[in-house]
Amino acid sequence: QVQLVESGGDLVQPGGSLRLSCAASGSILSIGSMSWSRQTPGKQRELVALINIGRTTIYADSVKGRFTISRDNAKNTVYLQMNSLKPEDTAVYYCNAYIETYSRQWLSSWGQGTQVTVSS
């Protein structure tokens, strides 16, 4: 019904930048909040940033001032601009979206994840 596809993960040196993208497709009537989370082996997935339909944003303390979340509603896409990357930002990054389908159901959908590695 609904699919989220992330892209943009890569290997980058400390201090570098990356831009992640996540595009939603399928039976989409509307999209509510969209977010990025990350997970490392043996740890719980943690919320990194969220943007609601009114474009209000929240960030984890660990990324404030370095990461920026944005969305393009016409493209059903959410972005995460990551600057001043640190080795501790290394993780698999997942996007999430609350999507209203044509059947008037609200679904919480996750992407498959994209690997970000920060290392010299």
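This text walks through a predicted model, taking its disulfide, its charged pairs and two loop residues in turn.

We begin with the covalent cross-link. A search of the whole structure finds one disulfide. It joins C22 to C95, with a distance of 1.9 Å from S to S. The two cysteines come from distant parts of the chain, 73 residues apart: C22 belongs to strand β3 (residues 18-26), and C95 belongs to strand β9 (residues 91-101). The link of C22 and C95 is right-handed, with 40° about the S-S bond. Are these cysteines buried or exposed? C22 has a relative accessibility of 1%, and because buried means under 20%, it counts as buried. C95 also has 1% relative accessibility, so C95 counts as buried by that cut-off.

Next to consider is N96, which is placed in strand β9 as well. With a relative accessible area of 6%, N96 is buried. What does the side chain of N96 meet there? One of its polar atoms lies 3.1 Å from the backbone oxygen of S109. Leaving aside residues up to four places away in sequence, N96 touches L4, S33, M34, S35, S108, S109 and W110. S109 therefore appears twice in this account, once in the list of residues that N96 touches and once through its backbone oxygen, which lies under the 4.5 Å limit for a contact.

We turn now to charged side chains. Side chains of opposite charge can pair when their charged atoms come close. How many salt bridges does the model contain? The count comes to five. One of them is formed by E46 and R38, whose closest N and O atoms are 2.7 Å apart. The partners sit in unlike surroundings: E46 is partly exposed at 35% relative accessibility, whereas R38 is buried, with a relative accessible area of 6%. This pair is also part of a network of salt bridges that links R38, E46, R66 and D89.

Another salt bridge joins K64 to D61, with the closest N and O atoms 3.1 Å apart. Here both K64 and D61 are exposed. R104 and E100 form a further salt bridge, and their closest N and O atoms are 3.5 Å apart. In this case R104 is exposed, with a relative accessible area of 60%, while E100 counts as buried at 12% relative accessibility.

Charged side chains also meet aromatic rings. R19 lies over the face of Y79, at 4.0 Å from the ring centre. The charged end of R45 sits over the ring of W110, 4.6 Å from its centre. W110 is also one of the residues that N96 touches. As for rings paired with rings, a search of the whole structure finds zero aromatic pairs.

Last come two residues of the loops. Most residues other than glycine have a negative phi. Which residue in the loop between β7 (67-72) and β8 (77-82) is to be looked at here? It is N76, whose phi is positive, near 50°, in a residue other than glycine. N76 counts as partly exposed, at 23% relative accessibility. S84 is found in the loop between β8 and β9. S84 is not a glycine either, yet it has a positive phi of about 50°. At 41% relative accessibility, S84 counts as partly exposed.

Definitions and conventions. Residues are numbered from 1 along each chain as its sequence is written. This is a predicted model: local features need pLDDT of at least 70, side-chain atom pairs count only at pLDDT 80 or more; totals for chains, interfaces and linings use all residues. Side-chain values use heavy atoms; hydrogens and water are left out. A disulfide is a pair of cysteine sulfur atoms within 2.5 Å. Helices (H or I, at least four residues) and strands (E, at least two) are DSSP runs, numbered from the N terminus. Buried means under 20% relative accessible area, exposed over 50%, partly exposed in between (1.4 Å probe, protein chains only). A polar contact is a pair of N or O atoms within 3.5 Å; within protein, one must be able to donate a hydrogen and the other to accept it, and residues adjacent in sequence count only if both atoms are side-chain atoms. A salt bridge is a side-chain nitrogen of Lys or Arg within 4 Å of a carboxyl oxygen of Asp or Glu. Rings of Phe, Tyr and Trp (its six-membered ring) pair if their centres lie within 6.5 Å; planes under 30 degrees apart count as stacked, over 60 as edge-to-face and the rest as tilted. A charge sits over a ring if NZ of Lys or CZ of Arg is within 6 Å of the ring centre and within 35 degrees of the ring normal.
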